[in-house]
Structures are given as C-alpha cells and as structure tokens.
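Please open the model in your viewer and keep the sequence panel beside it. This tour suggests what to select at each stop and says what is there.

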Amino acid sequence: MTARARLFVAALAVVAVLAVAACSPSGGSSAALQGTWQWTASTEATPPSQAVVPDPENYTITFNADGTFTAKADCNEVAGTYTADGSNLALVLGPSTLAMCPEESLGSLYTSYLDLIATYTVSGDELQTTFIDDTGTMTFTKA
C-alpha cells in the first residue's frame with residue numbers, strides 16, 4: 001500500500017470515529033449509568049433529613065444508551081431525556097401518566113427530586129446523585 005493510500009485510509013478511519021461520536025447520546029452519557037436503578041434513600045439539607053425508601057421497586061429509573069430514560073414513580077410512569085457529561089447529570093422530564101396513587105405514595109416527591117439532580121457518581125451497584133446547589137441527594141441501587 002502506498003503512503004498516499006495509507007493516509008487516505010487513516011483519514012477515513014478518523015471520519016468514521018467522528019461520525020460514531022456524533023451519533024452518541026447528548027453529553028456523552030456514561031455506560032456505567034445505563035440500566036435500571038431503584039431509589040433507596042435520600043437526604044435534604046433544609047431542613048436536614050434522611051429517609052429510606054420503603055418500596056424501592058416502586059421508584060425506578062432506566063437510563064438508555066440513546067439519552068432517554070423511563071421512570072416508575074409508584075403508580076405512574078415518566079419518560080424523558082438525560083445528558084451526562086463527566087460527573088454532571090441533567091434530566092429533562094417529559095410525558096407522565098397521571099394516575100391517582102395511594103396517599104402514602106412518594107411518587108410526586110420522587111419526580112420532583114429527579115428534576116433537581118445535578119451530579120452523579122457510580123460505584124459498583126450504587127448510583128449517588130446530588131441536587132442543584134447541594135440541597136440534597138438521592139441514592140439508587142442497581143435493579
């Protein structure tokens with residue numbers, strides 16, 4: 001193969017890599033984030049509080065490779081998009097069902113917390129998120 005042909009092949013390889021990168025989810029979402037997670041605990045800074053979620057299987061979120069997510073908020077379903085860039089995570093809540101959940105449901109609280117997420121870390125089977133301005137956290141475990 002001539003030097004010119006090798007250069008041409010190398011240029012094509014670079015173009016192919018750039019094309020694949022352009023088709024990746026917005027913000028370059030982390031593969032570690034993808035999959036289904038159950039909400040297990042949360043904290044709030046004001047007033048200071050900690051809570052354990054009584055039924056984590058009722059409060060899940062599934063991050064897809066294409067930058068979309070689906071969430072189960074007790075008796076309701078939510079869809080949306082997300083961007084992950086480094087440790088930054090932004091969720092944009094989209095359509096949601098509006099079923100009337102039981103009085104003890106945490107569904108409304110869960111979706112309001114999802115809207116506050118600003119950063120994340122994944123360590124093994126645990127996803128830790130922090131709210132905007134460090135006003136609280138959510139902890140998830142891999143489902």
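Helices (H or I, at least four residues) and strands (E, at least two) are DSSP runs, numbered from the N terminus. This is a predicted model, in which local features need pLDDT of at least 70 and side-chain atom pairs count only at pLDDT 80 or more, while totals for chains, interfaces and linings use all residues. Residues are numbered from 1 along each chain as its sequence is written, and side-chain values use heavy atoms, with hydrogens and water left out.

**The whole chain**

Begin with a cartoon view of the chain, which has 2 helices and 9 strands, and trace the pattern α-β-β-β-β-β-β-α-β-β-β along the sequence. Of its 143 residues, 31% count as buried, a term that means under 20% relative accessible area, whereas exposed means over 50% and partly exposed lies in between (1.4 Å probe, protein chains only). Contact means heavy atoms within 4.5 Å, and among contacts between residues at least 6 apart in sequence, 51% join residues at least 24 apart.

**Stop one: N76**

Now select N76, which belongs to strand β5 (residues 76-85). Is N76 buried or exposed? With a relative accessible area of 10%, N76 is buried. Which residues is N76 in contact with, leaving aside its neighbours within four places in sequence? They are A71, T97, L98, A99 and C101. Show the atoms of A99 as well, since its backbone nitrogen lies 2.6 Å from a polar atom of the N76 side chain.

**Stop two: the largest pocket**

A pocket is found on a 1 Å grid over the protein atoms alone, as an open set of points where a 1.4 Å probe fits, with protein on both sides within 12 Å along at least five of seven lines, and its lining residues have an atom within 4 Å of a point. To display the largest pocket, select its lining: A73, N76, V78, S96, T97, L98, C101, P102, S105, G107, S108 and T111. Its volume is about 150 Å³, where a volume is the space filled by probe spheres set on the points, and grid points are joined across faces, edges and corners.

Colour β5 and α2 (107-114), each of which supplies at least two residues of this lining; the largest share, 3 residues, comes from α2. By class, the lining has 5 nonpolar, 7 polar and no charged residues, with Ala, Val, Leu, Ile, Met, Phe, Trp, Tyr, Cys and Pro counted as nonpolar, Asp, Glu, Lys and Arg as charged, and the others, Gly among them, as polar.

**Stop three: P102**

Stay with one of the lining residues, P102, and find it in the loop between β6 (88-96) and α2. P102 counts as partly exposed because its relative accessibility is 42%. If you add C75 to the selection, you will find the C-alpha atoms of P102 and C75 separated by 8.4 Å, although these residues are 27 apart along the chain.

**Stop four: backbone features in two loops**

Most residues other than glycine have a negative phi, and most peptide bonds are trans. Select T46 and P47, which are joined by a cis peptide bond with omega of about -10°; P47 lies in the loop between β1 (35-44) and β2 (49-52).

Finally, move to the loop between β8 (126-131) and β9 (136-142), where D133 is located, and where D134 is found too. Phi of D133 is near 60°, a positive value in a residue other than glycine, and D134 has a positive phi of about 50° although it is not a glycine. D133 is exposed, at 69% relative accessible area, and D134 also counts as exposed, at 61% relative accessibility.

Conventions:
A polar contact is a pair of N or O atoms within 3.5 Å; within protein, one must be able to donate a hydrogen and the other to accept it, and residues adjacent in sequence count only if both atoms are side-chain atoms.
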